[in-house]
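Work through these exercises with the structure open beside you. Try each task before you read its solution.

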Amino acid sequence: MTYMAVVYRADVAVVWLNGAFGVGKTTVAAELARVLPGARRVDPERIGFVMRRTFWRGVDYQDVALWRRMTSVNVSRVGRKATAIVPMTVTDIGVFDELTSGAQVFLLTADRATLEHRIAGSLEGREWRSSQVDRCLGAFEGTQFGTPVSTVGRSPAEIAGEIADAVRQGAAC
C-alpha cells in the first residue's frame, strides 16, 4: 500500500483522538467540542460508510487511498475555520502517519476489562467492536499513535479538560 502524507498547514487546527473501540473517543470529542471555543467534530467514518455502500463492499475503507485523501481534505477544510476534532481509530502506522501528520494526536487508553464493559453497554456494533479489542490493544502498546491519555475511572469532562489544556499549550504533536 502506498501512503501520501498530508501535512496540515500551520493555519489548520486538528485534534485527532485515537484509541480502541469503546475507549470513549466520540464522547470525549463531544465534550472537547463544548470546551474548545469554535471547535467542530469531523467524522471520517461517514465518508467511509458512503464509499463502502457505493463502491467497496467488504473493504476496510482505511485501506483505500481515495478515502484517506477525502478525509484529509475534509479535515483540512474544517480545520481552517475551526479546531477540527477527529475521533477515529487508526491502528495501521502508515495510514496513521498519512492522516495525522501535523495534527495534535491523543491516544485515549483503557484496559481490556474497561473496554469490554463499555462495549457490552453500548448499542453500536457490540460483536464487531469486541472482536477488535486484541488488535487495538496490541497496536496501541507504545506511544507512536499519539500522546496517551487514560480514560479509566475518569469522566469525559475530566479527559476533555486535560486534552483542551494540552491543545491550548500546543502539546501532543
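**Exercise 1. Is F21 buried or exposed, and what does its ring pair with?**

Solution.
Step 1. This is a predicted model. Start with the cover of F21. Its relative accessible area is 14%. The cut-off for buried is under 20%, so F21 is buried.

Step 2. Now look for ring partners. A search of the whole structure gives three aromatic pairs. One of them joins F21 and W128: the ring centres are 4.9 Å apart and the planes stand at 75°. Edge-to-face needs an angle over 60 degrees, so the pair of F21 and W128 is edge-to-face.

Step 3. Place both residues. F21 sits in the loop between β1 (14-19) and α1 (25-35), and W128 sits in helix α6, so the pair ties together parts that are 107 residues apart in sequence.

Step 4. Check the partner. W128 has a relative accessible area of 47%, so W128 is partly exposed.

**Exercise 2. How are the rings of F96 and F145 arranged, and where do these residues lie?**

Solution.
Step 1. A pair of aromatic rings is described by the distance of the centres and the angle of the planes. For F96 and F145 the centres are 5.1 Å apart and the planes are at 65°, so this pair is edge-to-face.

Step 2. F96 belongs to helix α4 (residues 93-100). F145 belongs to the loop between α7 (133-139) and β5 (147-150), so the pair ties together parts that are 49 residues apart in sequence.

Step 3. Both F96 and F145 are buried.

Step 4. Widen the view. Ring pairs join F96, F140 and F145 in a cluster.

**Exercise 3. Where does R129 lie, and what does it touch?**

Solution.
Step 1. Find R129 in helix α6, which spans residues 126-131.

Step 2. The relative accessible area of R129 is 13%, so R129 is buried.

Step 3. List the contacts, leaving out residues up to four places away in sequence. R129 touches F21, G22, I119, S122 and E124.

Step 4. Pick out S122. The side chains of R129 and S122 share a polar contact of 2.9 Å.

**Exercise 4. Which residues of β1 point one way, and which strands pair with β1?**

Solution.
Step 1. In a regular strand the side chains alternate between the two faces of the sheet.

Step 2. Apply this to β1. V14, W16 and N18 point one way, while V15, L17 and G19 point the other way.

Step 3. Consider cover. Six of the six residues of β1 are buried.

Step 4. Find the partners. β1 pairs with strand β3 (residues 84-87) in the parallel sense, over four bridges. Here W16 stands opposite V86. β1 also pairs with strand β4 (residues 104-109) in the parallel sense, over five bridges. There N18 stands opposite L107.

**Exercise 5. How many salt bridges are there, and which parts does the pair of R68 and E98 tie together?**

Solution.
Step 1. Side chains of opposite charge can pair when their charged atoms come close. The count comes to seven salt bridges.

Step 2. Among them is the pair of R68 and E98, with the closest N and O atoms 2.7 Å apart. R68 is in helix α3 (residues 65-81) and E98 is in helix α4, so the pair ties together parts that are 30 residues apart in sequence. Both R68 and E98 are buried.

Step 3. Turn to E116 and R112. Their closest N and O atoms are 3.8 Å apart. Both lie in helix α5 (residues 112-120), four residues apart, about one turn of the helix. E116 is partly exposed at 39% relative accessibility. R112 is partly exposed at 36%. A network of salt bridges links R112, E116 and D134.

Step 4. Finish with E162 and R154. Their side chains meet in a salt bridge of 2.6 Å, N to O. E162 is partly exposed at 34% relative accessibility, and R154 is partly exposed at 23%.

**Exercise 6. How many helices and strands does the protein chain have?**

Solution.
Step 1. Count the elements. The protein chain has eight helices and five strands.

Step 2. Read along the sequence. The pattern is β-α-β-α-α-β-α-β-α-α-α-β-α.

Step 3. Add the cover. Of the 173 residues of the protein chain, 46% count as buried.

Definitions and conventions. Residues are numbered from 1 along each chain as its sequence is written. This is a predicted model: local features need pLDDT of at least 70, side-chain atom pairs count only at pLDDT 80 or more; totals for chains, interfaces and linings use all residues. Side-chain values use heavy atoms; hydrogens and water are left out. Helices (H or I, at least four residues) and strands (E, at least two) are DSSP runs, numbered from the N terminus. Buried means under 20% relative accessible area, exposed over 50%, partly exposed in between (1.4 Å probe, protein chains only). A polar contact is a pair of N or O atoms within 3.5 Å; within protein, one must be able to donate a hydrogen and the other to accept it, and residues adjacent in sequence count only if both atoms are side-chain atoms. Contact means heavy atoms within 4.5 Å. Rings of Phe, Tyr and Trp (its six-membered ring) pair if their centres lie within 6.5 Å; planes under 30 degrees apart count as stacked, over 60 as edge-to-face and the rest as tilted. Two strands pair if DSSP finds at least two bridges between them. A salt bridge is a side-chain nitrogen of Lys or Arg within 4 Å of a carboxyl oxygen of Asp or Glu.
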